[in-house]
Amino acid sequence: MATPSIPASTTITVLPSNIKPSSLPSTLKSLSLSGKLDEALHLIESHPLTPLPLQTYDALLHACISRKSLHHGQRIQNHLLLRRSTKGKKGRGGTQQSLLEKPALKTKLITLYSVCGRIDLARSVFDSALVGTAPESVWVAMAIGYSRNGCSKDALSLYVDMLRRFVQPGNFAFSAALKSCAELGDFPVGRGVHAQIVKCKDESDQVVYNALLRLYLGCGCFEDVVRVFAEMPERNIVSWNSLVSGFAGRGQLFEAFDAFRRMQGEGVGFNWVSLTAVLPVCAQINALCSGKEIHAQMAKSVTRPDMFVLNSLMDMYAKCGVVDYARRIFDGMERRDLTSWNTVLNGYAIARCMEEGLKLFDKMVDSGFSPDTVTFIALLSGCSHTGLTQEGLKLFHRMRTEFGISPSAEHYACLVDMLGRAGRLKEALKVVKSMGKKPSGSIWGSLLNSCRLYGNVPLAEAIAKVLFEIEPKYPVNYVMLSNIYANAGLWEGVKMVREMMEKRGVKKEVGCSWIEIKNRLHTFVAGGGIELRNSEKYQKLWSELMEATRGVGYEPDTRVVLHDVSEEIKKGWVCGHSERLAAMFGLIHTRSGIPLRITNNLRVCADCHSWMKALSQVTRRVIVLRDTKHFHHFEKGSCSCKDYW
């Protein structure tokens, strides 16, 4: 650090009569707290020979850091350099010559320059500190400065250099090193830092534990995340957020939801990060009641949620099939981004309200927002599922010509599905052959589903042959071909597909459904729920419902059972499907008139679809069933899909 020379013409201003030297530190502290840095610096520079304690400069630099005021910080440093060059002057804080060498001020200056983006100046101050023996705080300040400015590699190198100089790391150094390892994805070095933490005689603080959670989460070592979390003596909201996000990121949705519930039960509360982690979970598992509860907590919060949280909240409502709630939030937003528009558009597509969706799309374009690939996937899938074929074709054309978006595999899959559902199988096949890129499994799968809808066995066999080559282990393709054979009464074909699955080791995914009642998720698997099915309440209600549903025309359709067994066994298997068990559980444990909301991990079978329609009629209940493809709103004997699924 260069020492400036004092010009010969420098004049020393005496203190005004109304300010005593003894009151100068308190005056400067007051000015620092109120952010009046210009006045504070003018007062200091007007009285360069008045000795000031370390705490005064510390407070001034702290104020500079809070306001990211590089100019004022440099003036303070220059003043200290000026004071150091004045020999033999002493103050209450020790010799002014040594004041600038104090680690506390070095640390503050390094922090100030780094928050202002001047990592070069921060490094200059740090290098000057290395002339003597710099304590851990100075090293940590420089490491954090590097990390703050996106120089994680430099930060980690600094930590290694610190160890070479035999500076004992503490919690601040450990957390800074772990943060750099997480940002770099350097798992081996992170493991090494963890080993040093274990050997350290001092107790690790919460910041270190949270840094370990972030490291292992980022490196995909979730077992270590769970282990570190369990070892923590205390956990804060950051710790819990890491656990919830970790479960959600691995697709362990029920575990993520349970962790959030435990977090609430321990009185930790939540922040916006918590909600952006758990709301997508609520959306995926169709936990509308819990989502509404979170919304109520947000409404009571003293701080307003940001746009990202509101987008997550809208997405939750949209994916739970309550698009009118999503639209209310959207209309009340002060600021929106493209994700906001896409979320509501996708909600309309899911809910099969494409008339409203197309109106919103026009409003979006008129508002100056340019649609992207996600926008058109929502629009095209919505048109496909509601039979708006001509509107969908126009949108596909506009996507390329008006908005300059090249169709992706997902867009072509929507187009093929749209044409196939409309019975235009030849046109759909022509699109597949002329799309200019190798068709994906989802594209061929859409066409195979259209063959199921229209009973086109020869085309289905040709498409299935292609799918078995590109997706040999994907069970849905085999099951769909089996259904096509079964619907056509071709039982030899069903047998052939089943033998092919056994030979290739392909197993059909077990049907699983869940229903949320009183903020608890209850899960059922096909053929399970033995205790429920053997209960007196279940058997009494089942008997009444079977008689009532037959009275409105329902008869079990055993064609969905793809095994060569007796008709009675087939009926028993159909009645044991997981969505029926969830519906029965909901009828037993909720009051009359309460809607039932059920989620299924597979596409609903034709017989369960017919049964749900009859059930909604005889019980006068609204039943909302979400499967892997659609929302089905059953009411008064009808379904929102109009049997077009």
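**A walk through a helical repeat model**

Hello everyone, let me start with one residue: Asn449 is buried, because its relative accessible area is 2%. Buried here means under 20% relative accessible area, exposed means over 50%, and partly exposed is in between, with a 1.4 Å probe and protein chains only. Please keep in mind that this is a predicted model, in which local features need pLDDT of at least 70, side-chain atom pairs count only at pLDDT 80 or more, and totals for chains, interfaces and linings use all residues. Residues are numbered from 1 along each chain as its sequence is written, and side-chain values use heavy atoms, with hydrogens and water left out.

Back to Asn449, which lies in helix α26 (residues 441-454). Helices (H or I, at least four residues) and strands (E, at least two) are DSSP runs, numbered from the N terminus. Which residues does Asn449 touch, not counting residues up to four places away in sequence? They are Asp417, Arg421, Met480, Arg603 and Trp645, where contact means heavy atoms within 4.5 Å.

Two of those names come back with His385, a residue of helix α22 (residues 373-386). Setting aside neighbours within four places in sequence, His385 is in contact with Asp417 and Arg421, and also with Arg352, Lys629, His630 and Tyr644. His385 counts as buried, because its relative accessibility is 17%.

Arg352, from that contact list, deserves a look at its backbone. Its phi is positive, about 60°, although Arg352 is not a glycine. Arg352 is in the loop between α20 and α21, and at 11% relative accessibility it counts as buried. Cys353 is also placed in the loop between α20 and α21 (354-366), but at 28% it counts as partly exposed. From Cys353 to Thr386 is 33 residues in sequence and 8.1 Å in space, C-alpha to C-alpha.

Phe166 is another non-glycine residue with a positive phi, near 65°. Is Phe166 buried or exposed? It counts as exposed, because its relative accessibility is 77%, and its place is the loop between α9 (152-164) and α10 (171-184).

Now the repeats. An unreviewed UniProt entry places the feature "repeat: PPR" at residues 135-169, 205-239, 306-336, 337-371, 372-407 and 408-438. UniProt positions are in the numbering used here, feature names are shortened, and annotations may be inferred rather than shown by experiment. Residues 135-169 are 74% helix and 0% strand, with the end C-alpha atoms 10 Å apart. For residues 306-336, the end C-alpha atoms again lie 10 Å apart, with 74% helix and 0% strand.

Let's look at helix α18 (residues 307-319). Its 13 residues should span 18 Å at 1.5 Å a residue, and its end C-alpha atoms are 18 Å apart, so the two agree; the expected span is 1.5 Å times one less than the number of residues. Of those 13 residues, 11 are buried, and the helix is mostly covered. The cover over the buried residues includes α16, α17 (288-300), α19 (323-332), α20 (338-350) and β7 (631-635).

One of the buried residues of α18 is Met316, and that takes us to the core. A nonpolar core is a set of buried Ala, Val, Leu, Ile, Met, Phe, Trp, Tyr and Cys residues joined through side-chain atoms within 4.5 Å. The largest one has 165 residues, and Leu275, Met316 and Leu447 have the most contacts inside it. Helix α16 (residues 272-285) gives the largest share of this core, nine residues. A second, separate core has 32 residues, including Ile515, Tyr538, Met612 and Ala614.

Finally, the aromatics. Rings of Phe, Tyr and Trp (its six-membered ring) pair if their centres lie within 6.5 Å; planes under 30 degrees apart count as stacked, over 60 as edge-to-face and the rest as tilted. By this rule there are 17 aromatic pairs. Phe229 and Trp240 make an edge-to-face pair, 4.9 Å centre to centre with 80° between the planes. Phe229 lies in helix α13 (residues 222-231) and Trp240 in helix α14 (residues 237-249), so the pair ties together parts 11 residues apart in sequence. Both Phe229 and Trp240 are buried.

Phe254 and Trp514 are edge-to-face too, at 5.0 Å and 85°. Phe254 is in helix α15 (residues 253-265) and Trp514 in strand β3 (residues 512-517), so this pair ties together parts 260 residues apart in sequence. Phe254 is partly exposed at 29%, whereas Trp514 is buried at 9%.
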